[in-house]
Amino acid sequence: MSTQDLLTGGTPAIAGASPAAGPRQVWRRLRSQRAALAGAIVIALLVVVAVAAPLLTALEGQDPNTYHDSLVNSATGGVPIGSFGGVSAQHWLGVEPGTGRDLFARLVYGAQISLLVAVGATLVEVAVGVGVGLAAGLGNRLLDQLLSRTTDVMLALPWLLFAIALIAIVPPGFPRPLLLMLAIGLLGWGGISRIVRAQTLTLKELDYVAAARLGGSGPWRIARRELLPTLTAPVVTYAALLLPANVVGEASMSFLGVGVQPPTSSWGQMLSSATTWFREDPTYVLLPSGLIFVTVLAFTVLGDGIRTALDPRAASRLRVGTGRKREAQS
Amino acid sequence: MSAQPQAEPLVEVSGLTVEFPVGDGVVKAVDGLDFTLGAGQALGIVGESGSGKSATAFSLLGMHRGTGARIGGSVRVAGVDPRTAEGDELTRLRGGLAAMVFQDPLSALDPYYAIGDQIAEVYRVHTKATRRAARARAVQALDRVGIPDAARRSRSRPHEFSGGMRQRALIAMALVCEPRLIIADEPTTALDVTVQAQILDLLHEVRTENGTGLILVTHDLGVIAGSVDDVLVMKDGRAVERGTVAEVLGAPRERYTRALVDAVPRVDAAPPPRAAPGREVLLEADGLRHTFGRRGAAVTAVDDVSLTVGRGETIGIVGESGSGKTTLGRMLVRLVEPSAGRIRYEGREIGRLREKELRPLRRELQMVFQDPVSSLNPRRSIGESIADPLRAAGERDEKRIAARVGELLERVGLDPDWYHRYPHEFSGGQRQRVGIARALAPGPKLIVCDEPVSALDVTTQSHVVELLGELQRDLGLSLVFIAHDLAVVRQVSDRVAVMRAGRIVEEGTADQVYGAPQHPYTKGLLAAVPVLDPEESAARRESRLASA
Amino acid sequence: MKGYLLRRFIGMVSVLLALSLVVYAIFYIAPSNPAQLACGLKCSPAQVAQVRQRLGLDAPVYLQYARFLEGIFVGRDFSTGTGVMHCNAPCLGISYRTGEQVTSMLATRLPVTASLALGAMVAWLLLGVGTGLVSALRRGRFTERALTTLTLAGNSLPVFIIGLLLLIVFCSVLQWLPFPTYVGLSQDPQQWFWGLLLPWTTLALYESAKYARLTRASMLETLAEDHIRTFRAYGVGERHLITRHALRGALTSVIALSAIDLGTMFGGAVLTESLFGLPGIGRLLVYSVQIVDLPVVVGVTLVTGVFVVFANAVADVLYAVADRRVVLT
């Protein structure tokens, strides 16, 4: 569907024409884009924060789950005492309204969940998507029909609704982060599968694949030598676009109360309780919102950069802005 | 139209330069070009790809404005300077004074609107006519260019027209405002030879009837012979030679022009005599058929074709697009499985073999492809591509592989040290040589060449054809040479088969088919082939018009 | 065309049947003990057994599915333990918790979701296509860069953050609007409008980013095509090229995508509904998941499926009609 293609930036890199790009060239082109570089740095920082969460909270001297009743005003229903949501030397970013739990600690632990689920779900999507797409592209007519129709349905279904519904039948003891990864990942592989199938079908018809057949190469050898190297670029590009979507996915489910369960903290879940506090304590809304925004933006910009680096021509045709392109060249 | 003094030429170009910024530097597409064109005259601009001929044509309409290209020198078209004209004057220049006919008629029209509406739109931009009047004018123009039932057909969208009809529609669009100049940029390159002849005849007719000037830009010397008065030969942005068409084509003064003229394959000149091949049959096809699609929508691409290829023989297969020649070629090497019929290779039936059973035979049946871009994997070095058949055959000794690839590269006229280079570093002709080296690697007995030179410039074309002929002689190969170009096929073939709509309509030795064609289709094809001699070309046009 | 529509319809029905089977399998067969889920955690094994019998969960799997389908097409009876309750077609079952028919629960929620989705669509089309058009018209200039940046930001913000920010700005800081509460259109049109204003704006801001991107991308795509060069060479002005030729191509995709988005949203704009407390289908789903009310979950899922599959079919047909190059097969 061309609508879908336009949204995802088109089917990238039709094999025949794109110039050969070694990993080193890609890296150089990626590095030359300031925005993408900034995105990468932000993400690296977030990863460090997430990994070092116990260390950072220890440094602050707090933990994410201790209630501090003395820090909230019970007369107003639990508004934090002090300006900006109770910011102080002990509580760097203030405390949670109602409970008085340390916000900084909850935010850095929230980064763990956010990144873990997003990356995990993306890996599931890539694995399933590439598998299904290759099978559909290389398999016989019947298999292709079956898998393509399934892919169409997967793409059409609003994944959030179905992910929520799936939560209903999972035993309560199942680890939630893993469940979220699977729920998002198993519903979101349609895009990759469709791109991989389309590319495989195009590639299969190219003369150089015919030449490889004539040269006596078997199907396995052809897939490995001729198809996979070319498929890497579109898959990586698309996966880079899925990452920010999955960050939002996890946040959405936790926001709805069907994501990670208390006391585990997650940005989306914090926002969910923030809906009742936005009047009294706007800081409580803005902190997790800001983090989600920065994370998603960083991933998006990096994804855009990766696309440009992997296929400069297709990207320049379809990119969002022309401004960044010029930066990239200078 | 304002009263121009008769003395002023229609087009006056002097010291024209066109520069495109590329990366840090600039590429000079046109470098100091002068020419003039009188009212009602026709000029052919000829050159190979990259000669700057299209950039020149575009600059006449100021099409480079807003693209970053820099234009130097002076250009005047009917008194208007396309580099500075603004507003109404620019609009009048584009379409009113000079109209352009583009190369690919499918992409040159908006797929969403009816053809008549698109022509009417152009007319309205220039005349402020009412919608209805413009529409009537469009139908009239379509009728003028020979679209049958123009009123009804004007409501069709571009994809519902055939290639030739679309090109006629584009010419109708050019005519609608009665311009004084038509600029045609490779107007027939995408068309079959018979349709090409019709379009050239139409342009000629329009010119003689309306007194319109014509600039015909093309890479094909045959196209200009009967269509223009003067010729300008371009190379690397400069004029190499100019003169009347008879002078330039008949007695070229410059070496480059002579090489260009000599490289044009002649359909009427018998090629040098070839050693008669033995009559030992290598490959025999019997009643081959191939059907695409299913049931209702089924299309029979190849329909009951029988053919034999002798050892060391070259057989040419000629046909226009859609004749099924490519599918036939792919069936012969078993890239495509025949829907019906038999293929016997060295006496063994291979038409029904499965992929696994075919693999040992693959090395003996190879193919050279048409598109030098898509036939090489852009992500693998050319050496790896050539070495692939060797590795697939189980060769593991890297030294031996490298030596053999070097040998092959040298054999096809490339530097043996280019093993690690990538396809994009090569020109079209060089890539085609790589493709030939890859086909030679497993030591084949038969090579099917599917339009091996149609994507190449004419001088490159003749070199690749020479190489194929040489290899065939030296290695005793059998060749199946598939092409739409009758002249190229004649140069290399011992025997020729003419295909149309999936069937072979005529088959015989090259001399028989070209010298005394039996089938009316073959006769029509041969009559439509452009010839270099302007007088001969005019005579042929007369006979075409008389028989139509 | 007729044949195409017929084929499309058959395809649609078969997809829906397959979907119902999958959904049924996932929700009624895969869980180890649906009766336990239905009864609640505190039920004794005897009570669970009773529930299992009452819900017909002791019958063979294929028979259960057949009864489920029968309910959808002709209606079916449920024993309530004391008596028999008839569930009219299309019957999607009865809530484990309230004993209400799922169909009627959905019917009361649909107007809310529909109000939200339709109003938001009008807003996002105006906003999105307008932005895309302007940024294509003024490409390379400041306006375009500013719009591009905004679009990128809109794409990076989840819908509930946009909503929360709007709430802070309009309800808390500026105090122009009260916290939105939903009132039915038939009850009080004015209240209905004010209650939905913020939810509409939220969804429109979120969705318009996508539409701006789509409009701009497909317009630039068209502008780079050869036929634009043809019209340029015939003196057709830039503005005319953009509004007549480039927009024409873009609108096809925009309309097709709107159909799909609208269909999806009819199945519940979960996040927006939850944030603003709108009693729509999406909120019903979230609530039912939390209290493990399987028939309602299945009902919402299936109804969503119907909307989505239907919307996709509509989009395909629109696309095919608008773009005749698409071969109808």
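Mentor: Over residues 177-196 of chain A the chain is 90% helix and 0% strand, with its end C-alpha atoms 28 Å apart; bear in mind as we go that this is a predicted model.

Trainee: Which spans of chain A does UniProt annotate as "transmembrane region"?

Mentor: An annotation is read beside the coordinates, and here the unreviewed UniProt entry gives that label to residues 35-56, 113-139, 151-171, 177-196, 227-247 and 284-303 of chain A. One of these spans, residues 284-303 of chain A, is 100% helix and 0% strand in the model, and its end C-alpha atoms lie 29 Å apart.

Trainee: In what order do the strands of the open sheet in chain B run?

Mentor: To read a sheet, follow it from strand to neighbouring strand: the six strands of this open sheet in chain B come in the order E5-E6-E7-E3-E8-E9, with mixed pairing. Strand E5 (98-101) and strand E9 (238-244) of chain B each have a single partner strand, so they stand at the edges and one side of each has no neighbour in the sheet. From one strand to the next, the twist averages 15°.

Trainee: In what sense do E5(B) and strand E6 of chain B pair, and over how many bridges?

Mentor: The direction and the bridges are read together: E5(B) pairs with strand E6 (residues 181-185) of chain B in the parallel sense, over four bridges, and Met100(B) has Ile183(B) in E6(B) as its bridge partner.

Trainee: How many helices and strands does chain C have?

Mentor: Chain C has 13 helices and two strands, and its C-alpha atoms fill a box of roughly 85 × 55 × 35 Å along the principal axes. Of its 329 residues, 44% are buried.

Methods: Residues numbered from 1 in each chain as written. Chains lettered and ligands numbered in written order. Predicted model: local features only at pLDDT ≥ 70, side-chain atom pairs only at ≥ 80, totals over all residues. Buried ≥ 20, exposed ≤ 12 C-beta atoms within 10 Å, placed from the backbone. Pairing = 2+ DSSP bridges. Axes fitted to C-alpha atoms, helices over the stretch in contact; angles between N-to-C directions. UniProt positions renumbered as here; feature names shortened; annotations may be inferred.
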